[in-house]
Amino acid sequence: MQVVFLACGEAYLLFKDVQGKSVAIAAENVKWTIFTGGLIMRKRAFLISMFTLVTALALYGAIALAGSTKPESKDILDQANDLRAAQKYDDAEKLYNQVKAENPGSDKALEAQKQLIHLAIDKNDQKNADSSFNQMVTEFAENTNLDEAIYEIGKDYQYSIWNTAKANEAHKYNLEHFPDTKFGMMSNVEIIRSYLRDGEKIADAEVQKWLDTYKEQPDQAIGIYQIARAYVGNNKIEKGQQLYEFAFENHSDHVYGKLSQVRYNITNKDYDAADKAADSMIALSDKDNADVQEGVRELADVYRDKNEYARAAHFYEAEIDLHKSGSGLDYDEATVPYREAIYCYINMKDIETADALIGQMQTDLAKDEKLPRANFNIGNYFLNNANDTENALKVHQYNADNYPNVMEAMWSQAAVVWYYVRHNDTEKAEAEYTKLLTNYANQETLPKEIFQIGDIYRDEKKNYDKAISLYKYQLENWPNYGEPTDTYRKLACTYIDMDDKENADLIIQQLQTNCAKDDNLARANFDIGNYFLNDANDAANALKVHKFNADNHPELMEAMWSQAALVWYYVRQGDEANADAEYTKLLDAFKKQETLPKEVFQIGDIYREEKKYDKALSLYKHQLEKWPDYGEPIDIYRKMACTYVDMNDITKADAVISDIQEKFAENDNLARTNFDIGNYFLNDANDPENALKIHAYNADNCTDQLESMWSQAAIVWYYVRAKDEGKADKAYAKLLKVFEDEKTLAKEVFQIADIYTEVGDTKKARELHNKVLNDWPESEYVFDARKGLIKADFADDKSSDAIANIDTLIADYSEKSDLDNAIFLFGEEYWNKAIEIENADTGPTFFNPIDLSSEKGKYYNNARSIWEKIITELPSSDSTPQAYHFAGEASSYLGDDFKKIEYFQKVVDSWPDYRMASHCQYMIAHTYEELRRKGLISPQEADILIRNAYKKMIKNFPNSAMVAQYRLNRFNATITANAELSDRKGDSR
């Protein structure tokens with residue numbers, strides 16, 4: 001489900017003042033009084049009158065290093081970290097260097113040096129990151145904390161930017177220089193985890209070696225735990241289970257030994273044992289142990305992911321208690337366990353407990369600067385996840401009323417406005433909007449909220465006058481905020497939507513005048529030109545704006561885009577003279593633009609799209625002659641070869657292909673280019689002879705590249721589909737021999753197996769799927785092979801085997817993220833078989849119950865039973881509303897009216913934004929009409945249910961309101977007519 005309220009964008013920062021003291025909001029007087037069905041909130045005074053000023057001074061002090069007394073080094077480090085979080089990298093770098101200068105060789109200096117590396121990683125400045133890393137390992141070679149710093153840098157590379165190569169480079173340095181320390185060990189763990197992610201066969205051997213090497217390491221349990229999680233996360237559950245078991249049997253006193261026991265029980269779905277082990281860990285562990293708190297959080301998160309909300313809430317609250325009972329443990333995210341526990345209670349529909357915990361959070365964390373953000377998130381969770389408008393508005397309103405100078409509270413106030421705008425409550429929307437302007441007049445990002453409210457009026461409600469008034473208000477009051485060109489652009493496009501070209505032109509002129517020196521002006525002009533062309537279908541004004549842009553900003557890239565847009569237009573209109581003239585102007589006016597060759601290439605593509613192949617070829621060749629090294633030249637040769645194929649000039653196509661092999665023999669993209677050309681011959685030109693020729697060349701000559709294997713697999717695919725068994729077997733044997741060391745060979749094998757199923761050779765399909773299971777038992781493609789075997793069951797009409805294998809798949813892959821989609825598609829297999837029979841039947845059958853013993857009835861029933869597995873056995877996902885919907889549709893065919901209503905009702909109650917929710921609501925009303933007609937419910941009860949169902953459709957699904965109103969009117973007319981007829985029959989005159 002998409003988030004409804006996006007009234008926020010910037011991160012909220014806690015700054016220190018110039019003496020290093022925290023600027024805190026005093027919130028001791030927050031009171032939440034709990035009543036049945038909700039909570040009542042009282043305003044109270046906050047001591048925040050100087051907050052904005054003090055924060056600004058603190059930031060200025062941090063940047064300018066002002067003040068006669070220098071802050072302590074630790075305080076400077078904190079300020080630097082805040083600046084880094086705010087992406088003020090230059091200012092942060094100055095402070096980190098100050099810490100180093102004032103504390104040479106110290107732990108503080110090492111921390112500052114480490115942060116400089118993190119900062120360079122943030123900026124994607126690899127050269128500086130490498131230089132800073134080399135400086136750190138040289139300057140701090142004798143520091144006992146160096147190994148931990150290196151380990152953290154490796155993790156930053158891996159999990160912030162997913163650069164495994166650089167991560168492992170750092171971890172290997174650690175392993176080489178600090179092999180016996182805790183963090184040397186943990187770096188080794190990270191290397192093993194990378195092997196597991198990449199499917200490296202050496203992972204198991206490295207794990208055994210690791211276990212032997214670190215058997216005397218006191219913290220070995222941490223590493224075992226992490227490796228076990230990596231195995232489970234990569235669907236190697238049995239191996240992960242073995243390591244969890246090893247950890248808690250050999251390290252029963254270590255917190256990660258206890259955590260391993262918890263995880264072991266969870267993966268076995270023995271939740272009672274997991275709870276017992278976790279409670280024991282909490283009771284016996286040091287309250288200040290950060291590992292315990294982290295472990296409890298992880299356990300709670302696991303339960304929440306599995307929709308075990310009561311268990312999750314128990315451990316989030318245990319984490320809250322641990323924090324309260326600790327003695328000064330640094331804890332930066334105190335709001336998180338409160339928030340997550342509240343989410344759980346909301347999911348359980350236990351609003352009373354959720355309210356109580358919300359009130360407790362206000363009291364316990366009254367001085368926590370992150371409390372308004374937590375309140376905002378909880379308000380949105382009520383609205384977007386629980387569809388609970390009443391409590392959502394209550395929490396947002398409380399947040400807005402009690403934190404009038406805090407950004408996240410402003411988001412809550414804006415969220416209230418958004419809600420009333422979307423629900424067409426003009427009076428309340430206006431009142432809350434006025435409150436937004438009054439209470440948050442000093443908030444720097446207030447104009448952004450106004451702009452976004454304008455967008456809702458424009459894009460969703462089509463209330464153009466209101467949108468325009470808000471855009472203009474923003475420009476009048478904050479003419480330089482954010483991107484003024486964007487506001488002018490929205491204004492112009494809104495007038496275009498209203499077909500008010502005069503005012504649109506006026507705004508466009510104001511844009512040119514008021515934003516003449518704005519770097520974004522050319523982009524705004526380009527976008528407006530495209531809006532005229534693509535959204536308003538107004539070519540005359542589109543060309544006028546694009547021409548103005550191209551003529552007045554020749555130094556800017558976006559103006560070049562406008563000039564290219566002119567060429568595109570004339571090419572597509574077949575106006576060759578104007579196209580040539582504008583193209584000549586493009587080359588002359590924008591010859592200094594770095595990306596001009598890209599425009600030439602794309603115009604060539606437009607000519608090719610219009611089947612003007614000679615013109616396309618001339619542009620491709622011009623680019624190669626003028627800019628031979630721009631972009632990917634091999635891609636231009638590929639386009640040329642395919643263009644000759646389009647022209648059926650195979651001789652010239654072959655010549656270009658030969659040039660590719662010669663000129664790009666060392667190019668990393670050669671095999672991919674050959675593969676694409678081979679597929680173009682096969683799929684676009686229907687020329688299997690030339691397709692097989694280039695695929696065979698690729699498979700024979702580029703065997704060090706992955707795409708070479710794809711070409712060999714493509715040959716197998718062709719012969720399998722052509723049912724040429726001999727050639728298919730020969731090509732398949734070559735695939736296995738030549739590419740035996742390719743990591744993804746198993747993928748090719750299971751895909752070929754699926755092709756065999758497609759052509760009806762399920763015996764061969766099963767043979768290949770079983771090869772994947774036997775030869776690559778640890779591969780991620782085992783899941784796909786097992787799916788393939790189920791597909792073969794469907795093809796062979798072995799329903800009982802298919803159902804049994806689906807049950808086993810669910811049991812074995814309960815953690816797999818895309819399991820729900822796979823199971824849903826299996827339901828479709830049965831559904832499609834039933835529909836085939838349905839389409840072959842003569843006469844309507846939809847409203848006549850199908851015999852469950854019939855072939856069609858069995859298929860519909862099997863489809864429904866599979867979708868019910870998604871409902872009952874898998875965590876909620878995007879497939880869940882689909883499963884309810886289609887289970888309801890199957891129930892229609894099976895004549896199970898009450899079950900149908902139950903499933904459709906679940907969709908409209910829980911997923912009102914689901915694309916077929918209005919259809920489900922209609923089917924509820926229609927089914928009640930059927931039940932009335934059949935006499936299965938009384939007319940009095942049915943009439944209420946039918947009318948309420950149609951009224952709900954009118955209220956909640958405006959796009960379907962006309963249909964619902966028509967059906968309701970017709971139903972009422974029928975009831976009235978029947979009543980009048982009955983009265984006449986009873987008249988004794």
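The questions and answers below walk through helices, cores and ring pairs of a predicted model.

Q: Which residues of helix α5 are exposed, on the other side from the buried ones?
A: Helix α5 covers residues 126-139, and its buried residues are Ala129, Ser132, Phe133, Met136 and Val137. Seen down the helix axis, these buried residues fall within an arc of 130°, so they line one face of α5. On the other side of the helix, the exposed residues are Lys127 and Thr138.

Q: Against which helices do the buried residues of α5 pack?
A: The residues in question include Phe133 and Met136, which are among the buried residues of α5. The buried residues of this helix pack against three stretches of the chain, residues 107-122, 146-160 and 164-177, and these are the helices α4, α6 and α7.

Q: What kind of aromatic pair do phenylalanine 133 and tyrosine 173 form?
A: The pair links distant parts of the chain, since phenylalanine 133 lies in helix α5 and tyrosine 173 in helix α7, 40 residues apart. Phenylalanine 133 is buried, with a relative accessible area of 14%, whereas tyrosine 173, at 22% relative accessibility, counts as partly exposed. The ring centres are 5.8 Å apart with 85° between the planes, and planes over 60 degrees apart count as edge-to-face. The kind of pair is therefore edge-to-face.

Q: Why is the pair of tyrosine 225 and tyrosine 244 described by the word it is given?
A: Tyrosine 225 is in helix α10 and tyrosine 244 in helix α11, 19 residues apart. Tyrosine 225 is buried, with a relative accessible area of 1%, and tyrosine 244 is also buried, with a relative accessible area of 1%. Their ring centres are 6.2 Å apart and their planes stand at 55°, so the pair is tilted.

Q: Is glutamine 397 buried or exposed?
A: Glutamine 397 is found in helix α19, which spans residues 389-402. Leaving aside its neighbours within four places in sequence, this glutamine is in contact with Gln413, Val416, Glu432 and Lys435. Its relative accessible area is 18%, and because a residue under 20% is counted in this way, glutamine 397 is buried.

Q: Which helix gives the most to the largest nonpolar core?
A: The largest nonpolar core has 122 residues, of which Trp210 and Phe315 touch the most other members. Eleven residues of this core come from a helix spanning residues 407-422, and the helix that gives the most is α20.

Q: How many residues are in the other core, which lies apart from the largest one?
A: In the largest core, Phe315 is one of the two residues that touch the most other members, and its contacts, not counting residues up to four places away in sequence, include Ile282, Val296, Leu299 and Tyr303. Apart from that core lies another, with Phe824, Ile937, Phe957 and Phe971 among its members, and its number of residues is 60.

Q: What is the expected reach of helix α26 at 1.5 Å a residue?
A: Helix α26 has 15 residues, from 521 to 535, and its buried residues include Leu521, Phe526, Tyr531 and Phe532. From its first C-alpha to its last the helix reaches 20 Å, which is close to the expected value of 21 Å.

Q: Over the ring of which residue does the charged end of lysine 816 sit?
A: The charged end of lysine 816 is 4.8 Å from the centre of the ring. The residue that carries this ring is phenylalanine 783.

Definitions and conventions. Residues are numbered from 1 along each chain as its sequence is written. This is a predicted model: local features need pLDDT of at least 70, side-chain atom pairs count only at pLDDT 80 or more; totals for chains, interfaces and linings use all residues. Side-chain values use heavy atoms; hydrogens and water are left out. Buried means under 20% relative accessible area, exposed over 50%, partly exposed in between (1.4 Å probe, protein chains only). Helices (H or I, at least four residues) and strands (E, at least two) are DSSP runs, numbered from the N terminus. The arc is that of the directions from the helix axis to the C-beta atoms. Contact means heavy atoms within 4.5 Å. A nonpolar core is a set of buried Ala, Val, Leu, Ile, Met, Phe, Trp, Tyr and Cys residues joined through side-chain atoms within 4.5 Å. The expected span of a helix is 1.5 Å times one less than its number of residues. Rings of Phe, Tyr and Trp (its six-membered ring) pair if their centres lie within 6.5 Å; planes under 30 degrees apart count as stacked, over 60 as edge-to-face and the rest as tilted. A charge sits over a ring if NZ of Lys or CZ of Arg is within 6 Å of the ring centre and within 35 degrees of the ring normal.
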